[in-house]
Amino acid sequence: MKRRVTGLMRKEFIQFFRDRALVLLILYTFLEIAICGWSLTLEARDLPLGVFDSDRSAESRALVSAFARLDSYKLLEQLDSPAKIGSKMDEGTIQLALVIPAEFSRDLQAGKPADVQLIVDGSNSSIAGQAMAVAGGLMRDYNAQLTTTRLNRRGLNVRGLLPEVRNELRVWYMPQMKYVHFSMLTMLAIAVLTLGVLVPAAGVVREKEAGTFEQLMVTPIRGIELIAAKILPFMLLELVGLTIGIAMSLWLFDVPLRGSLGLFYGISLLMFLGSSGIGVLMGTIAKNMQQTLLLAFFILFPVAFLSGTMVPISNMPVFLQWLTLLSPLRYYVEAGLGIFLKGVGLEVLWPQALALAVLGLVLMTISTIRLRRSLS
Amino acid sequence: MKGLAKTYGRGRKKVDAVRGLDLGIERGDIFGLVGPDGAGKTTTIQMLCGILTPSSGEATVAGVDVLRQPDDLGGKIGYMSEGFSLYGSLSVEENLDFFARLYDVPAEIAAERKEKLLGFARLSEARARRAEHLSGGMKKKLALACTLIYEPQVLFLDEPTTGVDPVSRQEFWKILYGFLAKGVTIFVTTPYMDEAERCSRVALMRDGQIVASETPSELKRLIQGMAIEMVAEPQPKAVAWLRRAPGITQVQIFGERLHLLLRDGGNLARELPQKLEAVGVTVSDVRTAEPSLEDVFIAAVEEQRTSEAPPRPLNIPESSSASSGPSGALAIRVENLTRRFDSFTAVDRLTFEVPRGEIFGFLGPNGSGKTTTIRMLCGLLPPTEGEASVAGLDIVRQRKAIKPHIGYMSQKFSLYNDLTVGENIRFYADVYDLPEDRLADRRRWVLQMAGLTGKEHLLARDLSGGWKQRLALGCAILHQPEILFLDEPTSGVDPHSRREFWDLISELSSQGVTIFITTHYMDEAEHCHSLGLVYRGRLIASGSPADLRKNMRLGHLIEVPVRDPLAALARIENLPETLQTSVFGDKLRVLVWEAVAGQQAIDRALAEEGIFAGSSRSVPISLEDLFTLFIEMEEAGLNARRAA
Amino acid sequence: MSGVTPILKKELREIWRDPYTLGIAVFLPLILLFLFAYALNLDVTGIPMAVLDLDHSRESRRYVDAFTSTGRFKLESRLVSPDQMGELLDRGTVQVALLIPSGFERSLSSGGQAEVQTLIDGTFPTSARVIEGYVAAINDVFSLKLATDRAAGLGLAGGGAVAPAVRLQARLLYNPAQKSANFIVPGLIGVILMAFPPLLSALAIVREKERGSIQQIFISPVKPWAFIVGKLIPYVVIAFGELLLVLLAARFWFRVPLAGDVWLYLLASAPYVISTVAIGLLVSTLVRGQLAAMLLAIVLTLMPAFIFSGFMFSLSTMPPLFQGYSYLFPARYFTTISSGVFLRGVGLEVWWREFLALAAYTFVLVSLAALRFKKKVG
């Protein structure tokens with residue numbers, strides 16, 4: 001029996017490496033991960049800012065440079081008329097506009113509140129929100145400084161006079177909040193899912209298309225052996241791929257590894273099981289490679305991006321949240337982020353591991369049954 | 001065409017698909033191009049149709065320069081490629097309408113032709129049916145109709161009737177004759193030798209070159225020597241001796257008869273029986289036979305081959321006798337085997353037996369249930385009713401135990417195309433748990449048998465039909481099973497390779513392996529010990545080829561040479577005494593119910609018409625004709641029952 | 001125009017009778033639309049928060065209320081010991097944990113500084129930043145109120161002594177409701193149109209190649225361009241159908257406001273729609289097998305559209321190399337037009353450049369496809 005399985009596995013390996021289209025696809029997927037890691041971010045950074053300063057005083061210029069110094073903002077140009085604001089916003093040349101009225105410095109010196117307007121392109125609410133939050137923070141600091149200066153001029157010390165709550169913010173797990181780390185890990189998880197599904201599916205369908213399935217069934221090979229042979233070689237390949245991906249993340253992108261790598265590999269194995277299950281299942285449904293690809297892309301694609309990889313699951317509507325419970329990727333991403341960024345172990349992640357194991361077993365069972373049945 | 005050539009690829013991988021062809025074809029001719037796989041036939045046709053640019057040379061078709069003005073060909077030529085080029089989801093009628101519109105055939109003319117074609121092709125009732133739901137034969141007829149609807153001057157047909165049942169094949173040619181009468185020139189490639197016989201001229205192509213190009217009769221005369229048939233016992237000994245004997249170019253096994261081709265007739269023919277008796281072989285029933293086109297072909301090919309490389313030893317090495325299992329005398333026993341799919345009965349109460357060591361041919365047109373039956377016998381599909389045992393084991397209850405005893409070759413050759421020869425062998429060896437010590441032996445054996453020694457590194461995909469076939473056979477018998485199931489093993493393989501294959505099969509059979517083989521090539525039936533003819537899931541005839549012939553009282557084949565075959569055809573084919581009439585080059589072959597009455601009717605009809613004819617004579621009926629008879633009778637019976 | 005009509009009719013018939021293709025063309029776009037529009041919710045509200053209040057005073061409770069009353073934070077649990085904080089964050093049960101030490105009220109009432117600590121889960125950087133912003137803002141508002149009240153009590157009111165010197169008024173343009181769907185859907189339309197029509201049209205020709213029926217076309221008198229046009233039209237019709245379908249769903253189901261003119265939008269989409277189908281046709285002239293056609297189509301269309309069109313990941317934040325890369329793909333131009341019309345209600349005068357680019361693109365693609373299609377085998 002061992003002989004049969006090794007023979008089968010050898011054949012699968014040979015066929016896989018000779019299938020140029022598939023190999024290219026895999027390489028391309030890795031490339032995509034790298035590209036995404038490098039370029040994608042949902043942060044607000046270098047947002048183009050236009051300024052209309054009617055005052056042109058030292059104070060207004062000081063305010064403008066305070067804004068320009070922010071990371072999120074990029075001072076693009078000084079505008080010379082309010083009308084330009086509208087048109088440039090429409091064009092999309094600027095996304096923010098700071099309007100300083102002529103009375104600005106006068107009001108400040110008189111001790112009256114000086115009003116300043118920030119016009120924000122609200123299209124992308126996330127970016128708009130971030131931009132406004134940053135502006136708000138800047139204003140508060142600016143004002144606090146001004147207040148201190150004023151009170152000092154009056155000979156008063158702020159401290160000890162007025163109550164104040166200081167909130168020390170500490171960001172856990174990713175103090176610099178580098179989006180790259182997050183996206184690399186999620187992209188890796190997506191790659192594992194995609195490849196883990198596609199490759200076994202291709203293996204099964206290839207057999208069907210060539211018509212060699214019948215031949216195999218006439219031989220003493222048993223159903224389980226066949227499935228094992230279809231899956232084991234690919235799990236091996238995936239391990240290799242995973243290792244490459246992890247290496248890329250750790251060395252090229254400085255992603256921290258705070259938890260146990262061994263645990264990650266263990267959970268990854270469970271993930272392989274689950275995704276292979278999906279892959280074999282797809283292989284039994286599709287009749288040829290085209291259908292397989294279609295099925296794969298249009299099921300995997302949404303699943304990949306909706307399992308907490310772009311948007312936290314808690315953001316999604318409730319019924320979709322329930323749906324994600326069925327997605328192995330969701331658990332894998334949680335486990336991955338947990339192990340790499342949070343440094344937690346099995347005592348926290350056991351629900352994820354369990355879910356992956358259960359999903360994997362169920363999927364494998366269904367596909368085995370279907371496989372056996374499809375042969376008669 | 002002159003010097004027509006096509007080279008593919010670059011550098012090391014350069015393949016000269018077609019090398020410098022020179023040919024001229026007359027208007028109104030039927031021209032046949034025959035040759036093994038990969039000879040360059042399809043490439044030639046594609047160049048002539050203007051859809052493939054030649055590397056050099058030129059050609060003119062219907063007055064159009066193919067090289068410089070291929071666009072002008074539109075509407076003048078028709079082309080039927082291998083495979084089906086219909087639009088599956090469109091109905092029969094819609095397909096015809098599409099082609100008519102595509103070629104700008106005026107509406108009324110198109111409608112008229114459409115009706116005529118539908119009638120000819122017997123597709124009128126199916127006009128609203130989707131093309132994908134038609135049977136293979138009907139699809140081919142429809143494809144032909146679609147090219148005829150715009151009445152091209154030249155018709156190119158690439159293996160148009162491959163895989164089609166004999167009845168449809170006849171109908172196909174009938175349609176063609178109808179249009180031939182209008183002066184259409186037909187260029188056809190075919191693996192069927194009997195179709196080649198119908199052509200006014202035949203060219204043999206091999207390795208990109210035309211080896212010979214004459215009328216069929218001329219070609220036959222080209223073969224030096226004569227053909228003899230005999231019965232010899234014990235056959236293996238006789239065959240072995242004959243193969244090594246000088247002066248004998250071909251030895252072919254047809255069941256119990258041997259068909260020999262001698263280099264020159266006369267002396268050798270007379271001395272042969274004596275010589276055989278001298279080595280202990282009993283010879284009986286010696287007759288002279290006419291060389292068939294297949295003989296011509298193979299002789300030509302052989303000559304080519306011998307001039308290129310030394311002939312492969314066709315000696316199949318002795319392998320230790322097939323493992324003895326709990327089989328006993330009967331290898332396969334089938335009783336009332338039935339399989340239904342929903343309301344459709346694919347296999348209907350089959351009952352037959354196959355003794356050990358016999359070659360059993362399971363014949364029938366496509367869709368008659370052959371593959372389903374094999375699947376059941378191999379344990380791939382459970383029967384709905386009835387029972388069967390293979391190697392003494394019940395196919396339902398002892399399914400798993402059967403597996404090591406059987407070998408199976410599926411229609412698609414069941415090789416892994418992306419694996420090499422060696423890797424394929426290795427795989428099957430692993431799968432059947434062949435012990436390491438025997439592995440090397442068996443591997444060598446298979447390679448030698450298939451003629452692939454030294455070629456282990458080639459990808460299975462790159463092998464041509466014949467090699468693949470032998471390799472697949474080798475892999476199937478790697479584990480020395482007692483029973484071999486072969487499902488259409490010779491489809492798409494050239495005649496030479498087919499012959500070699502049958503030699504292999506016979507050799508295996510003489511070593512005690514039982515062989516259950518399905519095929520739709522009726523002429524291969526001759527090679528089998530006994531036959532079963534299935535039609536629509538039912539066994540409508542069974543027995544040995546000789547028995548079937550003897551017991552068939554009805555049906556005789558009359559051959560009559562005529563000057564104007566098409567006119568003669570028109571006159572004869574509707575006579576009540578005739579069943580089927582076909583043109584074979586310059587002769588007419590008529591299948592009649594009764595020999596004497598039929599012959600008389602034919603002679604009378606031809607005389608009335610003033611069509612000059614040579615003397616008609618009775619010729620041995622081929623198995624294919626026999627089966628056509630059986631099928632027609634079955635159909636008649638069915639219709640009668642339906643009407644009742 | 002001979003030849004175009006029969007091919008067109010045949011193609012339409014085939015498509016109609018192929019439930020598989022129809023299904024893809026109609027259902028999948030809708031499914032994608034629904035999935036993405038619902039799930040890609042970038043708004044950050046209802047953030048699960050845990051509070052460890054060691055002070056248990058009125059002031060501390062008021063502080064906590066300051067957070068929960070905004071609706072952005074959802075109080076998940078009140079903790080009793082510091083270790084719990086770490087655990088809940090680790091598990092992901094909460095994203096924010098607030099620690100108020102004892103002595104909070106006392107420090108404040110004496111006019112001094114009180115310190116609290118907030119732990120934020122940084123694994124989702126985008127959310128984390130926003131949360132940071134919220135926390136800081138809420139905290140400062142609270143402090144300011146305290147200070148102002150005290151200052152008033154001390155008679156220091158009057159004059160902007162403690163009031164903010166500069167008041168920043170933020171005004172939102174274009175998406176007042178701040179629904180992320182309003183932002184995502186216009187771009188998503190572009191992505192969806194890039195997903196299916198190219199695939200369908202690419203397979204259309206390749207299928208005929210594989211089936212062999214294309215050889216019949218080769219030998220017929222039909223001209224290459226007639227064939228391409230005949231194949232193109234049905235799929236353009238389908239693509240337009242998809243566009244309408246998605247548009248209707250966007251307007252009436254998701255209630256994404258369309259600030260601009262709908263007819264203008266349809267006009268602007270025309271070259272884009274045609275270009276998506278043309279890409280597919282071009283791909284099919286390049287490859288031989290269906291599998292390769294699909295792979296190439298997806299690589300050339302879907303991936304770049306999703307990542308580089310600007311529909312979700314803003315292009316300005318990408319490295320310049322990729323920004324340049326994005327100019328190769330029509331989806332980028334369309335997203336600009338689409339979001340322009342939807343969100344800002346602007347017309348041709350703003351995006352005429354993109355429109356021209358699309359038109360040019362389309363023309364080039366169709367011509368290339370027609371030129372590449374030779375009536376030859378191999």
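**Chains A, B and C: overall form, sheets and contacts**

Chain C has a radius of gyration of 29 Å, whereas a compact globule of 378 residues would have one near 21 Å; the radius is taken over C-alpha atoms, and the globule rule is 2.2 Å times the number of residues to the power 0.38. This is a predicted model, in which local features need pLDDT of at least 70 and side-chain atom pairs count only at pLDDT 80 or more, while totals for chains, interfaces and linings use all residues. Residues are numbered from 1 along each chain as its sequence is written, and chains are lettered from A and ligands numbered from 1 in the order in which they are written.

The C-alpha trace of chain C spans about 100 × 45 × 40 Å along its principal axes. Chain C holds 15 helices and five strands, these being DSSP runs numbered from the N terminus (helices H or I, at least four residues; strands E, at least two). Of its 378 residues, 53% count as buried, that is, with 20 or more other C-beta atoms within 10 Å of their own, the C-beta atoms being placed from the backbone; 12 or fewer would make a residue exposed, and anything in between partly exposed. Of the contacts in chain C with a separation of 6 or more, 80% are between residues 24 or more positions apart; a contact means that C-beta atoms, placed from the backbone, lie within 7 Å.

Chain A has 14 helices and five strands. Its radius of gyration is 29 Å, well over the 21 Å that the globule rule gives for 376 residues, so chain A is more spread out than a compact globule. The C-alpha trace of chain A spans about 95 × 45 × 40 Å along its principal axes, and 50% of the 376 residues are buried.

Chains A and C share a sheet. Its five strands form an open, mixed arrangement in the order β5(A)-β4(C)-β3(C)-β1(C)-β2(C), where pairing requires at least two DSSP bridges between two strands. At the edges stand β5 (164–172) of chain A and β2 (73–78) of chain C; each has a single partner strand, so one side of each is left without a neighbour in the sheet. From one strand to the next, the twist averages 25 degrees. The link between the chains is parallel: β5(A) pairs with β4 (residues 113–121) of chain C over nine bridges, and A:R170 has C:L119 as its bridge partner in β4(C). Helix α6 (residues 125–154) of chain C lies across β5 of chain A and β1 (47–53), β3 (96–100) and β4 of chain C, at about 170 degrees to β5(A). Such angles run from 0 to 180 degrees between N-to-C directions, with axes fitted to C-alpha atoms, for helices over the stretch in contact.

Chain C also touches chain B, with 22 residues of chain C in contact with 24 of chain B. On the chain C side, α1 (4–16) and α9 (213–219) are the elements that give two or more residues. The largest share, five residues, comes from α9(C).

Chain B is divided into domain 1 (2–214), domain 2 (224–290), domain 3 (330–543) and domain 4 (553–620), with bounds from an automatic or database domain assignment. An open antiparallel sheet in chain B has the order β17-β16-β19-β20. Its edge strands are β17 (344–355) and β20 (393–394). Strands β16 (residues 330–341) and β19 (residues 385–390) of chain B pair over five bridges, one of which joins B:I332 to B:V390.

Terms used: Two residues are in contact if their C-beta atoms, placed from the backbone, lie within 7 Å.
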